[in-house]
Amino acid sequence: MRMKDTNPILGWAYRNGIRPALAAGLIAAGIVAAVVLSQPAEYRAEIRILSAGNLSADEVQALATTPGVAARAVTLPALSGYNLSAADFFRGANVEQLLEAGLLRLSIRDTDPGRADGRALAWAQALCAAATAGSATAGRGCYDPNPVVPGKLDNYLGWKLLTAFLLGAVLGYGGAWGKARWNKKENASMAKKNPVKSDGGETAQALIRKLKTGKARIGVVGLGYVGLPLVDVFGRAGFSVVGIDVDANKIEALRKGKSYIEDVPSARIAAMVRKGALHATTDFSIVETLDALSICVPTPLRKTGDPDLSFIVNVTEEIAKYLHPGMVIVLESTSYPGTTREIMLPKCEARGLKVGRDLFLAFSPERVDPGRKDWTTVNTPKVIGGITPACLEVALAYYGRAIDEMVPVSSAEAAEMSKLLENTFRAVNIGLVNEVAIICDRLGLDVWEVIEAAATKPFGFMKFTPGPGLGGHCIPIDPLYLSWKLKAVNYNARFIELASEINTNMPRYVVGKVQDALNKQRKSINGSRILVLGVAYKPNVSDLRESPALDVIGLLRQKGAAVEYHDPYVPEIRHESIQLKSVPDLEGAIGKADCVVITTNHDSYAWKKILALSRLIVDTRNALGDDGRDSEKVVRL
């Protein structure tokens with residue numbers, strides 16, 4: 001079942017007020033303007049007789065005998081005030097002379113200016129003929145009483161655009177309202193077809209009401225790359241939020257209104273603190289005051305490759321002391337299927353509370369991609385699985401006010417498995433393309449050319465690129481949680497383990513490339529000065545978690561290389577035996593290095609200059625592109 005618990009349009013309107021309607025109006029106005037402006041301009045040539053209103057009787061009389069003297073606009077009836085008939089005015093006059101003297105101006109509407117002028121001249125001649133014949137009114141229909149400047153767009157085009165904008169705004173707002181109503185009916189229909197059979201009774205319904213009205217008090221445990229964006233999202237949805245973390249430095253920063261995560265602006269944190277909508281603390285006893293709690297703590301691997309669930313265990317034991325009826329707890333930390341039920345459920349019920357009746361427990365995997373702007377916590381669909389149907393119902397209400405789209409699944413285990421599938425998919429495909437890079441190297445082929453060629457297929461292929469290894473908090477780790485769990489049921493996850501083996505060995509493969517490149521220059525890796533460019537696990541972020549650059553640095557140092565690094569986002573590294581600071585003078589460091597190793601392709605790097613300054617480069621990301629392919633001093637993965 002796939003259901004929108006909160007309609008995206010309604011959620012957008014809630015967070016942005018009138019902006020959706022204005023945006024719709026602007027779009028509609030833009031479309032109408034494009035259509036109008038694409039049409040040929042409507043030209044007008046004018047027909048007007050010069051006014052006698054500001055002339056004396058003698059001057060008007062002179063007009064009858066000397067056409068071409070005066071210069072004021074008038075209509076035919078104005079002449080009668082001076083007892084001067086149109087016949088007298090035009091008697092003996094030459095239309096071309098009147099036009100040249102400015103006594104007569106033509107006004108004919110047409111899209112073709114040349115055609116307009118021709119028709120106007122013909123009409124003016126007819127007017128003269130009629131006037132000469134003594135009929136002052138015979139030619140009155142031959143001129144436009146509301147002419148505009150010749151050759152310009154009609155002056156009512158602006159009114160057209162303004163009308164289009166206002167109409168678009170009304171339609172946009174009405175469309176948003178109508179769409180929201182439609183989806184509300186659709187969701188109600190889906191709910192009838194696939195009802196959530198709640199067994200939570202009045203406790204669940206009371207909590208749902210608090211959550212849907214924004215009156216519930218929210219807590220987030222673990223204020224890192226997942227937790228802090230979640231705090232921000234709940235705050236923007238109108239909730240009062242409590243942030244809990246054991247790191248006192250994070251708590252102090254938040255109390256000062258400062259964010260330490262790139263995806264969350266400090267201005268939003270500061271605004272929440274000023275309004276009293278955010279309270280940060282290291283004290284878990286505050287859980288007693290909360291209605292809902294999300295747990296976003298790390299789940300790393302031990303050195304043995306086994307899951308380290310100590311953070312989940314410790315947090316669950318700590319919050320269990322303060323749990324109370326009418327509360328929902330959602331685990332977001334990635335783990336193997338069964339973690340929520342097997343580890344959290346018993347600890348939550350240890351004090352006599354019943355999950356599904358007194359309190360509600362669910363799993364909803366985080367889907368954060370640091371640095372990404374198009375898909376964020378708000379608009380990325382949220383998968384949720386509950387321990388019981390009532391748990392699911394409450395959890396949907398919990399996140400539904402803050403996040404655009406809900407994806408309910410049948411159980412917490414299904415939600416846990418969906419997260420592992422997402423990251424296993426990426427890990428296996430990256431492992432595949434890393435092996436293809438090794439294969440192409442053996443065959444003397446350019447792997448980057450091969451990938452680009454394959455990516456031109458519009459169906460049946462998804463582009464992945466090789467690199468120095470896997471990084472980040474998910475892809476290198478999550479598939480191994482699944483592999484570890486499957487060993488308990490006597491199943492060997494061969495794809496997962498093979499992909500992990502290939503990806504884990506990529507840093508060693510890169511160091512081999514460095515060693516071979518130095519050998520060709522008659523240099524030993526032992527004693528060589530090597531500069532590593534970029535140590536974050538992906539471009540344009542400061543996230544070092546599981547970064548393959550750390551392994552590359554460690555292996556180079558083991559072989560006796562003198563290693564330095566530069567990264568505009570990571571001022572220092574403190575990881576196990578690696579204690580380094582980013583070099584302050586990038587160009588100077590490049591000039592001194594025997595070899596530059598590109599491990600992260602940040603956008604801020606001037607690659608052409610780096611290529612010009614370097615003696616030797618090992619490019620693991622194809623950062624140099626065609627320049628690197630054509631350079632003898634560049635070795636590519």
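Helix 10 (residues 227–236) has 9 of its 10 residues buried, so it is largely enclosed by the rest of the structure. This is a predicted model, and helix 10 makes a handy starting point for a tour. From there we can visit the aromatic rings around Phe234, which lies in helix 10, and then turn to the strands.

**Helix 10 and its end**
- The buried residues of helix 10 include Gly227, Leu228, Pro229 and Leu230.
- Further along helix 10, Val231, Asp232, Val233, Phe234 and Gly235 are buried too.
- Just after helix 10 comes Gly238, with a positive phi of about 95 degrees.

**Aromatic rings**
- The model holds 7 aromatic pairs.
- In one of them, the ring centres of Phe234 and Tyr399 are 5.7 Å apart and the planes meet at 40 degrees, so this pair counts as tilted.
- Phe234 belongs to helix 10 and Tyr399 to helix 15 (residues 389–400), so the pair links distant parts of the chain, 165 residues apart.
- Both Phe234 and Tyr399 are buried.
- Another pair, Phe425 with Phe464, is edge-to-face, with 6.0 Å from centre to centre and 65 degrees between the planes.
- Phe425 sits in helix 16 (residues 412–443), while Phe464 is in the loop between helix 17 (447–454) and helix 18 (478–487), so this pair ties together parts 39 residues apart in sequence.
- Phe425 is partly exposed, at a relative accessible area of 42%, whereas Phe464 counts as buried at 8% relative accessibility.
- Phe234, Phe239, Tyr398 and Tyr399 make up one aromatic cluster.
- Two charged residues lie over faces of rings in that cluster: Lys382 over Tyr399, 5.0 Å from the ring centre, and Arg401 over Phe239, 5.9 Å from the ring centre.

**The sheet of 8 strands**
- Its strands follow the order 6-5-4-7-8-9-10-11 in an open sheet with mixed pairing.
- Strand 6 (278–281) and strand 11 (406–409) are the edge strands, each pairing on one side only.
- On average, neighbouring strands of this sheet are turned by 25 degrees against each other, direction ignored.
- Strand 4 (residues 217–221) pairs with strand 5 (residues 240–244) in the parallel sense over 5 bridges, and Val221 stands opposite Ile244.

**Strand 12 and its partners**
- In strand 12 (residues 529–533), 4 of the 5 residues are buried.
- Strand 12 runs parallel to strand 13 (residues 562–566), joined by 5 bridges, with Glu564 as the bridge partner of Leu531.
- Between strand 12 and strand 13 the chain passes through helix 20 (residues 548–558), in a right-handed β-α-β crossover.
- Strand 12 also runs parallel to strand 16 (residues 595–598), with 4 bridges, and Leu533 has Ile598 as its bridge partner there.

Note on methods
Residues numbered from 1 in each chain as written. Predicted model: local features only at pLDDT ≥ 70, side-chain atom pairs only at ≥ 80, totals over all residues. Heavy atoms only, no water. Pairing = 2+ DSSP bridges. Helix = DSSP H or I, 4+ residues; strand = E, 2+ residues; numbered from the N terminus. Axes fitted to C-alpha atoms, helices over the stretch in contact; angles between N-to-C directions. Buried < 20%, exposed > 50% of the residue type's maximum accessible area, 1.4 Å probe, protein only. Right-handed = clockwise from strand over helix to strand, strands pointing away. Phe/Tyr/Trp six-rings, centres within 6.5 Å; stacked < 30°, edge-to-face > 60°. Lys NZ or Arg CZ within 6 Å of the ring centre and 35° of its normal.
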